[in-house]
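Me: I have a structure open and a few short questions about it. Can we go through them one at a time?
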Amino acid sequence: MTDFALLRDQITALRKVLYLNWGWDGPSPEPVLQAIEQQLRLENTEGPTSPPVLAGRRDIFDQARQAFASFLGVTPQEIALTENTTEGINLIVSGFPWRPGDEILTNDMEHPSVLLPAYLAQRRFGAVTKVVHLDASANAATLLAAFAQAVTPRTRLVFVSHAQYSTGLLLPVRELADLAHRSNAQILVDGAQTMGQLPLDLRRLDVDYYAFPGHKWLCGPDGTGGLFVRRELISSITSPKVGHRGVPTFDFSGHFEENPTAIEKFELTTRNGALWKGLVVTVRWMEEAGLSAVRQRILDLSGLLKEKLERLPGLQLLSPRDPSLSVGLVTFRLPGLAAEAVQDHLWQRGRIVARRINELGAVRLSVHAFNTEGEIDTVVETLESIARQVAPTPAVGKPEAH
């Protein structure tokens with residue numbers, strides 16, 4: 001049985017703040033910080049390009065690729081190392097073999113990191129972005145039907161987040177993959193809100209492309225992430241950037257030969273060895289915690305939070321109640337109070353770290369397995385106090401960066 005209290009004690013930030021913003025960026029546990037510091041000191045003591053350090057770095061990157069592959073049930077030859085989810089998404093969208101009039105199918109709950117690349121493909125390549133309306137209270141069959149009704153013979157790519165950042169709605173990705181493939185289309189999935197939250201088997205999900213971060217719920221360092229590309233599709237995606245990793249030969253007349261089937265063609269050159277060492281430790285740490293146990297703990301805590309929030313007079317819960325369609329994201333509005341004001345008061349009154357969803361005028365709380373029932377009670381009590389004591393303000397908020 002996973003000892004979440006012991007794991008929680010390894011995350012220093014949780015001793016200082018009530019952290020409920022894992023969906024943006026998760027603080028790392030001490031073993032990860034120690035691995036980063038150890039590697040950084042080694043490189044600066046021995047010299048970053050000394051033969052032992054270079055060999056060690058290559059081993060770290062191999063370990064990171066293998067760690068991600070094992071975590072996702074795929075092969076290392078299908079994993080490109082990236083800086084974040086958005087980079088992986090852009091590699092696929094910018095390198096996809098578009099034809100004018102090809103359709104991209106997405107939805108109206110998406111993060112800008114999905115919508116903007118889709119619109120860029122529309123502007124740059126003549127693709128057509130179709131936005132499906134979704135309701136966070138709908139069941140899986142209704143969600144799937146909304147996409148099915150929008151598919152046409154020109155649909156080339158179904159492009160969605162596995163879990164919606166705005167409400168935490170978990171989409172039926174396997175069924176969407178089946179829908180795409182029956183229509184001779186492919187599926188690209190943003191895994192920003194699922195990597196580290198629940199067990200992922202990309203073979204079972206039957207996705208073609210899956211972009212994901214090392215930070216957020218996985219609790220790894222910023223600047224680490226990955227992209228899965230189904231092996232037989234690697235050659236069909238043209239890398240929008242080039243470096244020597246994917247170019248085995250070139251000459252000074254401008255001739256070079258790319259390796260179209262090598263996943264490394266999506267990667268450039270220098271990376272931070274210390275951060276990637278931390279990433280390897282992060283994945284092992286999360287695997288030891290057990291993703292099934294993490295998933296259940298998140299559902300228990302976020303379900304408890306939803307239950308208690310719904311008791312607050314006038315509060316509007318925007319996240320799904322069905323556990324099978326839920327992750328640890330809990331989004332709500334308080335009547336008469338701007339989201340920015342609620343976020344600020346949570347911090348000022350309880351050192352509670354939350355975030356806004358500006359397009360919904362709402363506040364989002366991200367509940368991880370390392371939070372506690374006591375913290376859930378504290379958040380609800382603080383919100384009760386805010387609702388009772390703070391005068392209503394216009395529901396206007398300044399933009400938030402992420």
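Reply: Yes. One definition to begin with: Asp, Glu, Lys and Arg count as charged, Ala, Val, Leu, Ile, Met, Phe, Trp, Tyr, Cys and Pro as nonpolar, and the others as polar. Also, this is a predicted model.

Me: OK. How do the residues lining the largest pocket divide into nonpolar, polar and charged?
Reply: Seven are charged, two are polar and two are nonpolar. The lining includes Arg57, Arg58, Asp62, Arg65 and Glu264, along with Leu54 and Phe61.

Me: And what volume does that pocket have?
Reply: About 320 Å³.

Me: Back to Arg65. What does Arg65 form a salt bridge with?
Reply: With Glu267; their closest N and O atoms are 2.7 Å apart. The two partners sit 202 residues apart in the chain. Arg65 belongs to helix α3, whereas Glu267 is in the loop between β10 and α9.

Me: How many salt bridges are there in the whole structure?
Reply: The search finds 19.

Me: New topic, the open sheet. What is the order of its four strands?
Reply: β11-β12-β15-β14, with antiparallel pairing. The edges are β11 and β14, each of which pairs on one side only.

Me: Which helix packs on it and touches β11?
Reply: Helix α10, residues 291–309, which also touches β12 and β15. Its direction makes about 15° with that of β12. Helix α11, residues 339–350, lies across β12, β14 and β15 and runs at about 40° to β15.

Me: How many bridges join β14 and β15?
Reply: Three. As for single residues, Arg355 has Arg364 in β15 as its bridge partner.

Note on methods
Residues are numbered from 1 along each chain as its sequence is written. This is a predicted model: local features need pLDDT of at least 70, side-chain atom pairs count only at pLDDT 80 or more; totals for chains, interfaces and linings use all residues. Side-chain values use heavy atoms; hydrogens and water are left out. On a 1 Å grid over the protein atoms alone, a cavity is a set of points where a 1.4 Å probe fits but cannot get out, and a pocket is an open set with protein on both sides within 12 Å along at least five of seven lines; lining residues have an atom within 4 Å of a point. Grid points are joined across faces, edges and corners, and a volume is the space filled by probe spheres set on the points. Two strands pair if DSSP finds at least two bridges between them. Helices (H or I, at least four residues) and strands (E, at least two) are DSSP runs, numbered from the N terminus. Contact means heavy atoms within 4.5 Å. Axes are lines fitted to C-alpha atoms, for helices over the stretch in contact, and angles run from 0 to 180 degrees between N-to-C directions. A salt bridge is a side-chain nitrogen of Lys or Arg within 4 Å of a carboxyl oxygen of Asp or Glu.
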